[in-house]
Amino acid sequence: MDDVLVRGTVQLAMLLYLVCLVRWITSPAVTSGQEKALPAQRITWTIGCLIFLAHVAAAFHYRHDWSHQLAYQFTALDTLETVGIEFGAGIYFSYTFALLWCLDVVWMWIGPASHRQRPSWSWILLHGYLLAIAANGAVVFASGPTRWIGAPALLLLAVLLIVRLRRPHGLTA
């Protein structure tokens, strides 16, 4: 059951993140501040974030005994096994991922107008970082069905972004 909670919550959170990204990339004026904050989009983004936080809690409870040190050691060993470098500080990338997603959700709810009017570069930086971390989790550090689904999902996003960027106004119109 613990593995289902740890893996299932992150997989569901990443699915909701993917849904939001596809929606934002394919929407007109996605990053120019002109997009309408559809209630369903905002709710999906929020639920995805909450489910990701449930993943973090499940991982700390079932795998790390609520210990940052154990999480750091787990990350170091996982990184060593996956890429050949012992790097426990990678846990901070995950913490930053959670923090940025939470901050964006809060901003979307308490300042929807300013959130919609944010500069396109801030949208690109935010999702560039979130997507890089998600890609590592879904492809580089994953195996089996998660990788089989994660790799084509990233390819889909890449194609959508290329198509979007080839439009006359790229991501801003």
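This passage describes the packing of two helices in a predicted model, followed by the surroundings of two single residues.

Two packed helices are described by the angle between their axes and the distance between the axes. For helix α1, which spans residues 2–26, and helix α6, the axes come within 12 Å and cross at roughly 145 degrees, and the crossing by which α1 passes α6 is left-handed. On the side of α1, the residues that take part in this contact are Met 14, Tyr 17, Leu 21, Trp 24 and Ile 25, and they meet Trp 123, His 127, Leu 130, Leu 131 and Ala 134 on the side of α6. When the residues of this contact are divided by character, nine are nonpolar and one is polar, while none is charged.

Helix α6 itself comprises residues 120–140 and includes Ala 132. With a relative accessible area of 36%, Ala 132 is classed as partly exposed, because this value lies between the 20% limit for buried residues and the 50% limit for exposed ones. The C-alpha atom of Ala 132 is separated by 13 Å from that of Leu 18, a residue that stands 114 residues away along the chain.

A further residue, Thr 75, is found in helix α3, which is formed by residues 68–83. The relative accessibility of Thr 75 is 15%, and Thr 75 therefore counts as buried, since the class requires a value under 20%. When its neighbours within four places in sequence are left aside, Thr 75 is in contact with Phe 87, Gly 88, Gly 90 and Ile 91.

Terms used. Residues numbered from 1 in each chain as written. Predicted model: local features only at pLDDT ≥ 70, side-chain atom pairs only at ≥ 80, totals over all residues. Heavy atoms only, no water. Helix = DSSP H or I, 4+ residues; strand = E, 2+ residues; numbered from the N terminus. Buried < 20%, exposed > 50% of the residue type's maximum accessible area, 1.4 Å probe, protein only. Contact = heavy atoms within 4.5 Å. Axes fitted to C-alpha atoms, helices over the stretch in contact; angles between N-to-C directions. Left-handed = near helix turned anticlockwise from the far one by under 90°. Nonpolar A, V, L, I, M, F, W, Y, C, P; charged D, E, K, R; others polar.
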